[in-house]
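Colleague: Please take a close look at a single part of this model, starting from one loop residue with an unusual backbone, and then place that part within its surroundings.

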Amino acid sequence: MNLLLDTHTFLWFIGGSLNLSDTARNLIETKSNQRFMSIASLWEMSIKVSIGKLKLAMPFTELVRREVNDNAIEIIGILPEHLDALAKLTFHHKDPFDRLIIAQSLVESMPIVTRDTAFFNYPIKVLW
């Protein structure tokens, strides 16, 4: 199964956080599942680091290189099709990063692993 990880899901997974559900952890750790993350998540993390809202155990670039590569997570870029879907989304969710991730889930037909209940307002599959 292909899985699109929300930003907090990725951070909780690599940090071993108890906030991550057992189901989410098992899905991510199952080797037969392919893990994906939006470039929007990396963008969001870099902004939060720069304004002091996110503290990382290592430099951002090193964290991405190590954790994304070591966990075999593929980064999804932003395609025109994603932006077209984004332009058509209703405003159940106002966060621009999450809205892009939702649009990518729609276009790529990929479930999102997230705890964010606002995602349930969209015609996507949410796993937690």
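Modeller: Ala72 counts as partly exposed because its relative accessibility is 48%, a value that lies between the limits of 20% for buried and 50% for exposed. The model is a predicted one, and what follows should be read with that in mind. Ala72 sits in the loop that links α4 to β3 (73-76), and its phi is near 50°, which is positive even though the residue is something other than glycine. As general background, most residues other than glycine have a negative phi.

A second residue invites the same kind of attention. Ser109 also carries a positive phi, of about 50°, without being a glycine, and it belongs to the loop between α6 and β4 (112-113). With a relative accessible area of 65%, Ser109 is exposed, since that figure is over the 50% limit.

The loop of Ser109 leads back to α6, and from there to a helix pair. Helix α3 (residues 39-50) packs with helix α6 (residues 96-108) at an angle of about 170°, and their axes are 9 Å apart. That angle makes α3 roughly antiparallel to α6, because the term applies to angles over 145 degrees. The two helices cross in a left-handed sense. On the α3 side of the contact stand Ala40, Ser41, Trp43, Glu44 and Ile47, and they meet Phe97, Leu100 and Ile101 of α6. By character, the residues of this contact comprise six nonpolar, one polar and one charged.

The surroundings also include the nonpolar cores. The largest of these has 21 residues, among which Phe10 and Met45 touch the most other members. At least two residues of this core come from each of β1 (2-5), α1 (7-15), α2 (22-29), α3 and α4 (60-70), and the greatest contribution is that of α1, with four residues. Helix α4, which precedes the loop of Ala72, is thus among the elements that supply this core. Setting aside neighbours within four places in sequence, Met45 is in contact with Thr7, Phe10, Leu11, Leu54, Phe60 and Leu63. There is in addition a second, separate core of 14 residues, whose members include Leu89, Ile102, Ile112 and Val126.

Technical notes
Residues numbered from 1 in each chain as written. Predicted model: local features only at pLDDT ≥ 70, side-chain atom pairs only at ≥ 80, totals over all residues. Heavy atoms only, no water. Axes fitted to C-alpha atoms, helices over the stretch in contact; angles between N-to-C directions. Parallel < 35°, antiparallel > 145°, perpendicular 65-115°, else oblique. Left-handed = near helix turned anticlockwise from the far one by under 90°. Contact = heavy atoms within 4.5 Å. Nonpolar A, V, L, I, M, F, W, Y, C, P; charged D, E, K, R; others polar. Core = buried A, V, L, I, M, F, W, Y, C linked by side-chain atoms within 4.5 Å. Buried < 20%, exposed > 50% of the residue type's maximum accessible area, 1.4 Å probe, protein only.
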